[in-house]
Amino acid sequence: MQVSSLNEVKIYSLSAGRSLPEWLSDRKKRALQKKDVDIRRRIELIQDFEMPTVSTKIKVSRDGQYIMAVGTYKPRVRCFDTYQLSQKFERCLDSEVVTFEILSDDYSKIVFLQCGRFVEFHSQHGHYYKTRIPKFGRDFSYHYPSCDLYFVGASSEVYRLNLEQGRFLNSLQTEASESNACDINPVHFLFAMGTAEGKVECWDPRTRNRVGLLDCALSSVTADTEIEGLPSISALKFDGALNMAVGTSTGQVLLYDLRSSNPLIVKDHHYGLPIKSIQFQHQLDLIISADSRIIKMWNKDTGKIFTSMEPEHDINDVCLYPNSGMLMTANEAPKMNIYYIPVLGPAPKWCSFLDNLTEELEENPESTVYDDYKFVTRKDLENLGLAHLIGSSLLRAYMHGYFMDIRLYHKAKMMANPFAYEEYRREKIRQKIEETRAQRVQLKKLPKVNKELALKLIEEEGEEQQFSKKRKQKNLPSLLKDDRFKVMFENPDFQVDEQSEEFRLLNPLVSKISEKRKRKLKILEELEAQGPEEEEEPEGKASDAESSESSDDEKGWVEEVRKQRKLLRQEEKVKRQERLKEDQQTLLKPQFFEIKEGEEFRSFKDSAKKQKLMKKTLEDRLKLEEKLGTLNVSDTTVGSKQATFKLKKSEQQRKQQEAEKRHRQERKTLRRSASHLKSRRGRGQLFH
């Protein structure tokens, strides 16, 4: 469940997260839920609440039990039962649905207006009747007192179909060239229609006469709005007996009192997109207006924004569940979105657990951090050269700026300002501080690779530092801190193999050198402890002692190297003896070879002959071929030589040729015998 907050209004997106494919088995779905945390945490309020590709319209029945949605592809209608939290039925249609209306309290009576001028009626069992209107329809409304359907569309006429009599009535003749939307007031049943010229015509169904005309196109133009082209009416909705909201194709919403020709308030969405849907929320006196990009909730008295929502995909329709804070949208995506806003009202009865869930979340508030987004102002966009992205899907408007993807921000920043000195300097200082901290930790903890070598270096560094402090000399750089030798203590490929021959031969020398260094350090410390007057004599003695000690050391490590070599030779002998024993113990097993079909096994001598022949030179092979008769070399008139070869035939080819010869001979004998019989019969006939 995804939570967003705008103007301190919590909005819970109940359809956020990935949806599982329909063709997955229950076992695989359970396995995915165990592995994936996002799938396990998602809330599937209604099972399979989606369309194959796109959902266009969504409505709720008057009893609140059924939610119906239409979409593509293929054109279909799906009915969801809220008491069962699952789909009740699905029906496919012949053409796409423009809009539909639920005439009964449940799903038993439905009317669909389709693209191909068809009007289709469905009852509880399914398809009931289909008829056609003269022009393409765009919207319709149902007049309950007279059981009339009013259709508006690409015509100046409003077609009336009476469901009680089952026939068309005289149409209403209007001044408009085309009409886009219509609605009937639920109190006094006034019929209103929005035209393509930006006007609203009001008709009285009892007298079938026009009783009012509003010029909304002129009223929508204010000092703050920028309009391109003539605004046409795209949405229309009544509220009570006197209020009416009108949406235009340029993104303005006008609220009217029917007693006045001037709008009470004009609200601009600032996107320039047609208004798709208008809903009224009576508990907080809000108007919910939506275009394809954003859903805005604002106060109908002051026009102040209450909150807004921007789904990922374009919006086609918005439906507010009655007497609750639940909002559903049909959009340009398979999944239909469900939002729950506790401020608007409680959760419906069939999902009352949402109230407990949201209360628990509000008791433990968590600060929302936008890890994947970066907030930028208009000035920042101009500095980055991304001002042309304003109004696109890459930027989300929020307060005085926009949210954009952090990856896009980093790429644009690198391209716009790749060598910013101040930022570069701060980053380098931060890296240096982190490196020094890491080095302090590394000195306390030995590395994973070459631990003994690192410990040895640390001990030597400690001794040298103590000596340098006394002599007041500068410390030499450490191998552990040097980046050139950093890999030696990180990469396991540089691990010192103590069992190798090279290490065993060099180890005596290294150990002697380290011992010699320690002795020298001790001698220098003793010299410093003595007075400056007595320095000359001990120095001479020390040099003699050092020369004698160095000769003794050389003899010692040479002897140790010889010992190591002897040990290595002995180990090699032992290994050879073990190999010989293994070879003697192993028994040779016979090998079997498979002969190809059509070939006969003669002997292993043939293969030996072929190998000997291949070792011979070309001249020898040609002479041998001449003796066998398979090669013939002759001189030509030009002076060059001509060689003709006879390919050796395989045993299978030879047998096949012999069989063909036998077959030919048999056929010849049969022909001769047949001709002989014919000649004898002819002679016999002549004789008789």
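In the predicted model, Lys300 is buried, with a relative accessible area of 16%, and its salt-bridge partner Asp239, whose closest O atom lies 3.3 Å from the closest N atom of Lys300, likewise counts as buried, at 10% relative accessibility. Because Lys300 lies in the loop between β25 (295-299) and β26 (305-309) while Asp239 belongs to strand β19 (residues 233-239), the pair ties together parts that are 61 residues apart in sequence. Elsewhere, salt bridges with shared partners join Arg76, Arg78 and Glu90 into one network.

The count of salt bridges comes to 14, and further pairs show other degrees of exposure. The side chains of Lys130 and Asp94 meet in a salt bridge with an N to O distance of 2.6 Å. This pair links distant parts of the chain, given that Lys130 is placed in strand β10 (residues 127-132) and Asp94 in the loop between β6 (86-92) and β7 (97-102), 36 residues apart. Lys130 counts as partly exposed at 26% relative accessibility, whereas Asp94 is exposed, with a relative accessible area of 63%. A salt bridge is also formed by the side chains of Arg206 and Asp204, at 3.1 Å from N to O; within this pair, Arg206 is exposed, with a relative accessible area of 70%, while Asp204 counts as buried at 14% relative accessibility.

Charged residues also gather in patches on the surface. A patch of positive charge is made up of Arg562, Lys563, Arg565, Lys566, Arg569, Lys573, Lys575, Arg576 and Arg579. One of these residues, Arg565, lies in helix α10 (residues 536-585) and counts as partly exposed, because its relative accessibility of 46% falls between the limits of 20% for buried and 50% for exposed residues. A patch of negative charge brings together Glu452, Asp497, Glu498 and Glu502 on the surface. Of this patch, Glu502 is found in helix α9 (residues 501-529) and, with a relative accessibility of 53%, counts as exposed.

Over the chain as a whole, the secondary structure comes to 13 helices and 34 strands. Of the 688 residues, 34% count as buried, and the accessible surface comes to about 46700 Å², with 50% of this area belonging to carbon and sulfur atoms. Among contacts in the chain with a separation of 6 or more, residues 24 or more positions apart account for 45%.

Terms used: Residues are numbered from 1 along each chain as its sequence is written. This is a predicted model: local features need pLDDT of at least 70, side-chain atom pairs count only at pLDDT 80 or more; totals for chains, interfaces and linings use all residues. Side-chain values use heavy atoms; hydrogens and water are left out. Patches are made of residues with over 30% relative accessible area and no salt bridge: like charges are joined within 9 Å, nonpolar side chains (Val, Leu, Ile, Met, Phe, Trp, Tyr) within 5 Å. Accessible areas come from the Shrake-Rupley method with a 1.4 Å probe; for residues, only the protein chains shown count as cover. A salt bridge is a side-chain nitrogen of Lys or Arg within 4 Å of a carboxyl oxygen of Asp or Glu. Lys and Arg count as positive and Asp and Glu as negative; His and the chain ends are not counted. The place of a charge is taken as NZ of Lys, CZ of Arg, CG of Asp or CD of Glu. Helices (H or I, at least four residues) and strands (E, at least two) are DSSP runs, numbered from the N terminus. Buried means under 20% relative accessible area, exposed over 50%, partly exposed in between (1.4 Å probe, protein chains only). Contact means heavy atoms within 4.5 Å.
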